[in-house]
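Subject: Structure handover

Hello,

Here is the structure I promised to pass on. Please open it and keep it beside this email as you read.

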Amino acid sequence: MATSSSNTNKADHSKNPPLTLRSSDGKELKIFRIVAQQSSTIMNLLDLEEESNTDVIPVSEVDGSTLEKLIELMNNHTEKSFNYLGVKERKKFYNDFFANWKILDVLNFGLVANYLGVQVIFDEACQKMADMIKSKSVEWVRKVFEIKNDFTPEEEEDLKKENKWAYERGDLDDGDDAI
Amino acid sequence: MYGIRHISSQLIPSQNKAASILSSSIGSSAASAYVGGIGLRRRSGELSRLLKMNCVMRSDVDFITNLPNNIIDNILGCLPLRDVVRTSILSREWRYKWASCPEIVFDFWFDQMFLGGHKLEPLVYQILKFHQGPLLRFALQVPDLKSSPDIDQWIHLLPNNTVQDLTLHVSRGETHKLTPCLFTFQHLRNLKLYNCLFDPPPGFKGFSKLENLQLQNVDLVPESFIKFIALCPALEKLRMIHCTSFDSLEITGPNLKSLEFHGILKFISFANCPVLSDVKLTFSSMDFKRGNGFSLDLVKSLSCLPALEDLHLQAYALEDLVEHGAPNPLPVSLTTLKNLHLSDMYFEKIDEASCAICFIRSSPNLQRLNITAFTFDVVDSVADFLRSQQSSESLSQLKTVKMQLFSGIEAEMEFVKYLLASATALEELAITPHASSIADGGESILNELKQYPRASPSAEIISWEKIRR
């Protein structure tokens, strides 16, 4: 079960008991209201829940494991020390968070963050995906996302000529990761 | 493997894998309210109708192509331009997707890695003409960019009703006179200009959303620039490096938090800067100074800032304070100042040491002091002067002192001795030795400093290189 860090949220324990989110696979996760405010979706769901007086908010589009990771990140964001991080330190933080993730997992995580309306985390996931895609070949991108190439070889060649400069440098490195 | 595949295994196997995460399978009539997130509302309605109609999905649909445009745009916006353009050959669906990429950036990376032998100008035209829809950020900062009518044409091609972030870096040749079209970009939040002429047209009402303005080597018309600043009430950060000289610079900034100025200004004043907390003023020359009012005027202006916490000045900007009672504290004080960095501190001039002490004494709540020395030739017997300084008022709030480029000459040592004897709450004194003046890495200096009497029993004296902040 994910719980928020005790440092920042001590004040909230008595006044505002944590909310409970239920994932698609039945996992129940606690999140403090102040942390949940980062998610516009949870706030909307909360408004509707309060009318029907149940304790648990179903987030049935998201599996427990992903939800847990997202709540963990949202907890980090509410910590004061996080806001004082410089640009490089933030970058390092997210690199560490996403270290060894496969690109489709990052995409999924980004979609979940988008669905829950947590813009900052959604942006970071998109940035991570971009970092993983850049300098990869077009074939690599097609393979990883299972995109079917429906151009004929001639069409593809013609298209490349429209922006020759983008296809010339041989600096691509498909590596092994992210598949 | 989380998320998408997991969910789709619960649903009809042939379903669009991406669509599964968007489906409003919650089922109630309030489903559309549940599906929050950014821009999903319309799309989810459409998809849920498709699902309900049990329409046959393409079995070879991939993970990314059918995602909402705003998600794809967000990813494209994080990619270098070259990779953005390459997405056009992924598949037929992808051919025009990059036209709505929210950022177009021609930077050093682009120039070095991808431009090759191609000419820049046709490329910029081609890409700008291909682009459709909102553009949030445009940057033109390739090396060797020269002023030309093309630059104005490109600005004209940008959607002036969406651009929020604009960078124009003219690296070579004459200053580029900016087209008045730039001043129609009402949504600008970040503007960075290098080697341009910036002169808003008469009647310009200001950029109401501008938060960050960085000007380097920019020609300004002083009077109209002052008016311009006052017309940008959202401004939070202003940086002016090597721009036109100012006889008098009046800053109006109800939201201004940070100001950095490097160049020549003879007088500065602040009108309505209630949250300005970070000020850095460095002067490329002091030759303009006439009379002895400069330093005191500067301190008086700074003392008007109710939120000033961080200040960086060159020590010689304070030299005139000798005419106003230095080293005794001034009649005005900087009560909110917490962090002071004095750079180019010339220890071998009594005036500079004296004015530094005067300024420190006039900042009663100073907590952190950082001094970067500039030591050249011995001029005065500053050491004797410093020895004669009694710590009449203790520097009771001073917690940390950092001395950089420290040579260990007598004057510097006496200065530190004075601080150690006056700072009753000092926690740490960190020394970074000047590499070429000190042979032993500063050990002997540190040892000597540790012998000096300390007003604060808990003060630690350390070598800066050894600690990590």
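Below is what was found, topic by topic. Please keep in mind that this is a predicted model.

**Chain A in outline**

Start with chain A. It has eleven helices and three strands. Along the sequence, their pattern reads α-α-β-β-α-α-β-α-α-α-α-α-α-α. The chain has 179 residues, and 47% of them are buried.

**Aromatic pairs**

Next, the rings. A pair of aromatic rings is described by the distance of the centres and the angle of the planes. Over all chains, the count is 28 aromatic pairs. Take A:F82 and A:F93 as one of them: their ring centres lie 5.1 Å apart. Their planes stand at 75°, and over 60 counts as edge-to-face, so this pair is edge-to-face. The pair links distant parts of chain A. A:F82 sits in helix α6 (residues 80-83), and A:F93 sits in helix α7 (residues 87-97). Eleven residues separate them in the sequence.

Are these two rings buried or exposed? A:F82 has a relative accessible area of 4%, so it is buried. A:F93 has 22% relative accessibility, so it counts as partly exposed.

Now look at chain B. The ring centres of B:F347 and B:F415 are 5.3 Å apart, with the planes at 70°, so this pair is edge-to-face too. It also links distant parts of its chain, 68 residues apart. B:F347 lies in the loop between β15 (339-345) and α12 (350-361) of chain B. B:F415 belongs to helix α14 (residues 410-422) of chain B. Both B:F347 and B:F415 are buried.

Chain B also holds an aromatic cluster. Its members are B:F183, B:F198, B:F204, B:F207, B:F225, B:F228, B:F246 and B:F261.

**Charges over rings**

Which residue lies over the face of A:W140? That is A:K136, at 5.1 Å from the ring centre. In chain B, the charged end of B:K417 sits over the ring of B:Y452. The distance to the centre of that ring is 4.7 Å.

**The largest pocket**

The largest pocket contains about 700 Å³ of space. Its lining has 25 residues. Nearest its centre are B:P102, B:E103, B:L136, B:R137 and B:Q164. Three elements each give two or more residues to the lining: α9 (119-133) of chain A, plus α5 (69-77) and β5 (190-194) of chain B. Which element gives the most? It is α5(B), with four residues. By class, the lining has ten charged, nine polar and six nonpolar residues.

**A sheet in chain B**

Three strands of chain B form an open sheet. Their order is β4-β6-β8, and the pairing is parallel. The edge strands are β4 (176-177) and β8 (219-220), and each pairs on one side only. β4(B) pairs with β6 (residues 196-198) of chain B over two bridges. Find B:K177 on your screen: its bridge partner in β6(B) is B:L197.

**One lysine in a loop**

Last, find B:K257. It lies in the loop between β10 (249-252) and β11 (258-263) of chain B. Its relative accessibility is 42%, so it counts as partly exposed. B:K257 and B:T400 are 143 residues apart in sequence. In space, they are 24 Å apart, C-alpha to C-alpha.

Best wishes

Terms used. Residues numbered from 1 in each chain as written. Chains lettered and ligands numbered in written order. Predicted model: local features only at pLDDT ≥ 70, side-chain atom pairs only at ≥ 80, totals over all residues. Heavy atoms only, no water. Phe/Tyr/Trp six-rings, centres within 6.5 Å; stacked < 30°, edge-to-face > 60°. Buried < 20%, exposed > 50% of the residue type's maximum accessible area, 1.4 Å probe, protein only. Lys NZ or Arg CZ within 6 Å of the ring centre and 35° of its normal. 1 Å grid on protein atoms, 1.4 Å probe; cavity = no way out; pocket = protein on both sides within 12 Å on 5 of 7 lines; lining within 4 Å. Points joined across faces, edges and corners; volume = space filled by probe spheres on them. Nonpolar A, V, L, I, M, F, W, Y, C, P; charged D, E, K, R; others polar. Pairing = 2+ DSSP bridges.
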